[in-house]
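Open the model in your viewer and keep a selection box ready. The stops below go from one selection to the next.

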Amino acid sequence: MSVRKMDKPNEGVKCVVNTCEYYMSGDHCTAEKIQVEPRNAKDSDDTDCATFTAKETSSMR
Ligand code: SF4
């Protein structure tokens, strides 16, 4: 699933995953929409963002 990367934060999402392509400093997510999985999770530790895309290593510095 390809998700559009916006040039501003998605105000509905706070995310601290700074290794994600969609992460923006200030703990923002710039993905137009995100998908969270899995179904039937028991607690928050079970869940994760399926929209996560690893950032290019060259831009991690
Ligand atoms: S796509 Fe998911 S992991 Fe990536 S910044 Fe947005 S909420 Fe965080």
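Start at the ligand. Select Val13, Cys15, Val17, Cys20, Tyr22, Tyr23, Cys29, Ala31, Ile34, Cys49, Thr51 and Phe52: these residues surround the ligand. A residue is near a molecule if its C-beta atom, placed from the backbone, lies within 6 Å of it. Colour this shell by residue class: 11 are nonpolar, one is polar and none is charged. Here Ala, Val, Leu, Ile, Met, Phe, Trp, Tyr, Cys and Pro count as nonpolar, Asp, Glu, Lys and Arg as charged, and the others, Gly among them, as polar.

A word on the model before moving on. This is a predicted model: local features need pLDDT of at least 70, side-chain atom pairs count only at pLDDT 80 or more, and totals for chains, interfaces and linings use all residues. Residues are numbered from 1 along each chain as its sequence is written.

Now zoom out and switch to cartoon. The chain has four strands and zero helices, in the order β-β-β-β from the N terminus. Strands (E, at least two residues) and helices (H or I, at least four) are DSSP runs, numbered from the N terminus. Along the principal axes, the C-alpha atoms fill a box of roughly 35 × 25 × 25 Å. Of the 61 residues, 8% are buried. Buried means that 20 or more other C-beta atoms lie within 10 Å of the residue's own; exposed means 12 or fewer, and partly exposed is in between, with C-beta atoms placed from the backbone. Contacts need C-beta atoms, placed from the backbone, within 7 Å. Among contacts between residues at least 6 apart in sequence, 39% join residues at least 24 apart.

Next, select Asn10. Asn10 sits in the segment before strand 1. What does Asn10 touch, not counting residues up to four places away in sequence? Its contacts are Cys29, Thr30, Ala31 and Glu32. Two of these, Cys29 and Ala31, are also listed around the ligand. Asn10 is partly exposed because 17 other C-beta atoms lie within 10 Å. Draw a distance to Ile34: the C-alpha atoms are 9.6 Å apart, across 24 residues of chain.

Step across to Thr30, in the loop between strand 2 and strand 3. Leaving aside neighbours within four places in sequence, Thr30 contacts Lys5, Met6, Lys8, Pro9, Asn10, Tyr22 and Met24. Thr30 has 19 C-beta neighbours inside 10 Å, so it counts as partly exposed. From Thr30 to Val13, C-alpha to C-alpha, the distance is 8.8 Å, with their positions 17 residues apart in sequence.

Go to Asn18, in the segment before strand 1 (23-24). Is Asn18 buried or exposed? It is exposed, because 11 other C-beta atoms lie within 10 Å. Measure from Asn18 to Ala54: 9.4 Å between C-alpha atoms, 36 residues apart in sequence.

Finish with the backbone. Select Asp27, in the loop between strand 1 and strand 2 (28-29). Its phi is near 65°, a positive value in a residue other than glycine. Asp27 is partly exposed, with 13 other C-beta atoms within 10 Å.

Then select Glu37 and Pro38. A cis peptide bond joins them, with omega about 0°. Pro38 belongs to the loop between strand 3 (36-37) and strand 4 (48-49). Asn40 lies in the loop between strand 3 and strand 4. Phi of Asn40 is near 65°, again positive in a non-glycine residue. Asn40 counts as exposed, with 5 C-beta neighbours inside 10 Å.

Conventions:
Two residues are in contact if their C-beta atoms, placed from the backbone, lie within 7 Å.
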